[in-house]
Amino acid sequence: MKTAASIDLGSYTARLLVARVREGQIIESVARERIYVHIGNDPSLLDSRLLSNAAQSRAIEALRKLSEQALLLGANAIQAVATGVIRSAGNREQFIDQIKKETGLNVRLISGIEEASLTAKGALWALKGLGPPLGVFDLGGGSTEFFFQQDQESEQRLLSIPFPIFLREKILRI
């Protein structure tokens, strides 16, 4: 059995899950942690669609803390992903490179469809024994993901709808 960790960098939080895993299946959750980074509230992102230095620094510090915690808890591997708000940022590649330089983490920018799939897997794991028909959605700051399955034989349907932060702010001002 090994101990693995996952980190999810989203619009408002960076989340850590450390778990004991055997043959790709979570056996036991060891720790969960959440740090608020508030990237989605970044005025620079709203105005220019670029992540400000301040927002990047908050996120990098959170990722550093979470990866250190994962290692202290015995994680042999850390998988880190970035989601919707980072996908929509014009300086996302530079930011991901900076994360690697400062924390050693290889953060993978995932697509909306992969985000929907991972959301569904997490929800289905948490709702053990609950089967189709089933619908799951994740209302995030930068996008909303949907998962639907009518019955055991039907195909799973995944959808991700970007919800740009700059548009959300304009709607809230009305």
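User: Let's start with E6 and E7. How many bridges join strand E6 to E7?

Analyst: Keep in mind that this is a predicted model. In it, E6 covers residues 134–139 and runs antiparallel to E7. The pair makes a hairpin, with 3 residues between the strands, and Gly135 stands opposite Phe148 in E7. The number of bridges joining E6 to E7 is 6.

User: Which residue in E8 is the bridge partner of Ser143?

Analyst: E7 spans residues 143–149, and 5 of its 7 residues are buried. E7 also pairs with E8 (residues 157–162), again in the antiparallel sense, over 6 bridges. In E8, the partner of Ser143 is Pro162.

User: On to helix H2. What arc do its buried residues cover around the axis?

Analyst: H2 runs over residues 53–72 and reaches 28 Å from its first C-alpha to its last. Its buried residues include Ala55, Ala59, Leu63 and Leu66. An α-helix has 3.6 residues a turn, so residues three or four places apart point the same way. The buried residues of H2 sit on the same side of the helix because they cover an arc of only 165°.

User: And which exposed residues does the face turned away from H2's buried side carry?

Analyst: After H2 comes Gly74, with a positive phi near 90°. Back on the helix, the face turned away from the buried side carries Asn53 and Leu72.

User: Last one: is Thr13 buried or exposed?

Analyst: Thr13 lies in strand E2 and touches Asp8, Arg34, Ile35, Tyr36 and Val37, among residues beyond four places away in sequence. Buried means under 20% relative accessible area. Thr13 has 12%, so Thr13 counts as buried.

Notes: Residues are numbered from 1 along each chain as its sequence is written. This is a predicted model: local features need pLDDT of at least 70, side-chain atom pairs count only at pLDDT 80 or more; totals for chains, interfaces and linings use all residues. Side-chain values use heavy atoms; hydrogens and water are left out. Helices (H or I, at least four residues) and strands (E, at least two) are DSSP runs, numbered from the N terminus. Buried means under 20% relative accessible area, exposed over 50%, partly exposed in between (1.4 Å probe, protein chains only). Contact means heavy atoms within 4.5 Å. The expected span of a helix is 1.5 Å times one less than its number of residues. The arc is that of the directions from the helix axis to the C-beta atoms. Two strands pair if DSSP finds at least two bridges between them.
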